[in-house]
Amino acid sequence: MKLRPLDDKIVIKKIEKEETTASGIVLPSSAKEESNIAEVIATGNKLDTDEDMKGLVKVGDKVIFSKYAGNDIELDHEKYTIIKFQDILAVIE
C-alpha cells in the first residue's frame, strides 16, 4: 500500500538513533527520547506544484521537525507520521 498525502502534508518515517551513555552503555528503546529527525517518504501535491514551495523538500531528504507535530500511523507494519509543511524546521544536507 502507498501513501499519497494531500496539499502541503508530508509523510515522514522517524529515524531511530541509538542512545549510549558516556560510559558506553546502550539505552533500551523504553528509556530513549523519541527522535525528531526523519526521512521524507512522500510529499503532497501542493509541494510539487506551488512555485514558492517547489523543491524545498523532496522525497529522501532528512528533516528536523517539531517535536509534537503530526499524526502517527501504522501501515503494513511500518510506522509513519503525517505532518504539515510548516512543522519542518530544517532540511539536513
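This is a walk through the model, stop by stop, with something to select at each one.

**Colour by confidence**

Before anything else, keep in mind that what you have open is a predicted model. Colour the chain by pLDDT: the mean is 86, and 89% of the residues reach 70 or more. Now compare the elements. Strand β3 (residues 62-65) has the highest mean pLDDT among them, at 96, while helix α1 (residues 45-49) has the lowest, at 83. Where pLDDT is low, the predicted coordinates should not be read in detail.

**Switch to cartoon**

You should count one helix and six strands. Trace them from the N terminus and the order reads β-β-α-β-β-β-β. If you put a surface on, the chain exposes about 6,600 Å², with carbon and sulfur atoms supplying 50% of that area. Of the 93 residues, 27% count as buried. Contacts reach far along the sequence, too: among those with a separation of 6 or more, 63% are between residues 24 or more positions apart.

**Select the six strands**

Hide everything else for a moment. What is left is an open sheet, ordered β4-β5-β1-β2-β3-β6, with antiparallel pairing. Which strands stand at the edges? They are β4 (71-75) and β6 (88-92); each has a single partner strand, so one side of each has no neighbour in the sheet. Turn the view to look across the strands: neighbours in this sheet are turned by 40° against each other on average, ignoring direction.

**Go to β1 and its partners**

Select β1 (residues 9-14) and look at both of its sides. On one, five bridges join β1 to β2 (residues 37-43), and the two run antiparallel. To see one of these bridges, pick Lys-14, whose partner in β2 is Ala-38. On the other, β1 and β5 pair over four bridges, again in the antiparallel sense. Here you can pick Lys-9, which stands opposite Lys-84 in β5.

**Zoom in on Val-11**

Stay in strand β1 and select Val-11. Is this residue buried or exposed? Val-11 is buried, with a relative accessible area of 1%. Now show what surrounds the residue. Leaving out residues up to four places away in sequence, Val-11 touches Leu-3, Pro-5, Glu-39, Val-40, Ile-41, Ala-42, Tyr-80, Thr-81 and Ile-82. Try a distance label as well: the C-alpha atoms of Val-11 and Gly-44 are 8.4 Å apart, although their positions lie 33 residues apart along the chain.

**Slide over to the β4-β5 hairpin**

Select β4 together with β5 (residues 78-84). These two strands pair antiparallel over five bridges, and Ile-73 has Tyr-80 as its bridge partner in β5. You have met Tyr-80 already, as one of the residues that Val-11 touches. Then look at the turn: two residues sit between the strands of this hairpin, and Asp-76 takes a positive phi near 55°.

**Hunt for the salt bridges**

Show the side chains of Lys, Arg, Asp and Glu. Side chains of opposite charge can pair when their charged atoms come close. How many salt bridges does the structure hold? There are four, and three make good stops.

- Glu-78 and Lys-13: their side chains meet at 2.4 Å, N to O. The pair links distant parts of the chain, with Glu-78 in β5, Lys-13 in β1, and 65 residues separating them. Both ends are partly exposed: Glu-78 has 30% relative accessibility and Lys-13 has 31%.
- Asp-8 and Lys-9: the closest N and O atoms of this salt bridge are 3.6 Å apart. Asp-8 is buried at 11% relative accessible area, whereas Lys-9 is partly exposed at 27%.
- Lys-58 and Asp-61: this salt bridge has an N to O distance of 4.0 Å. Lys-58 is partly exposed, at 46% relative accessible area, and Asp-61 is buried, at 15%.

**One last view**

Bring the whole sheet back and find Lys-9 again. Lys-9 forms a salt bridge with Asp-8 and also stands opposite Lys-84 in β5, which makes this residue a handy place to end the tour.

Notes: Residues are numbered from 1 along each chain as its sequence is written. This is a predicted model: local features need pLDDT of at least 70, side-chain atom pairs count only at pLDDT 80 or more; totals for chains, interfaces and linings use all residues. Side-chain values use heavy atoms; hydrogens and water are left out. pLDDT is the predictor's confidence in each residue, from 0 to 100. Buried means under 20% relative accessible area, exposed over 50%, partly exposed in between (1.4 Å probe, protein chains only). Contact means heavy atoms within 4.5 Å. Accessible areas come from the Shrake-Rupley method with a 1.4 Å probe; for residues, only the protein chains shown count as cover. Two strands pair if DSSP finds at least two bridges between them. Axes are lines fitted to C-alpha atoms, for helices over the stretch in contact, and angles run from 0 to 180 degrees between N-to-C directions.
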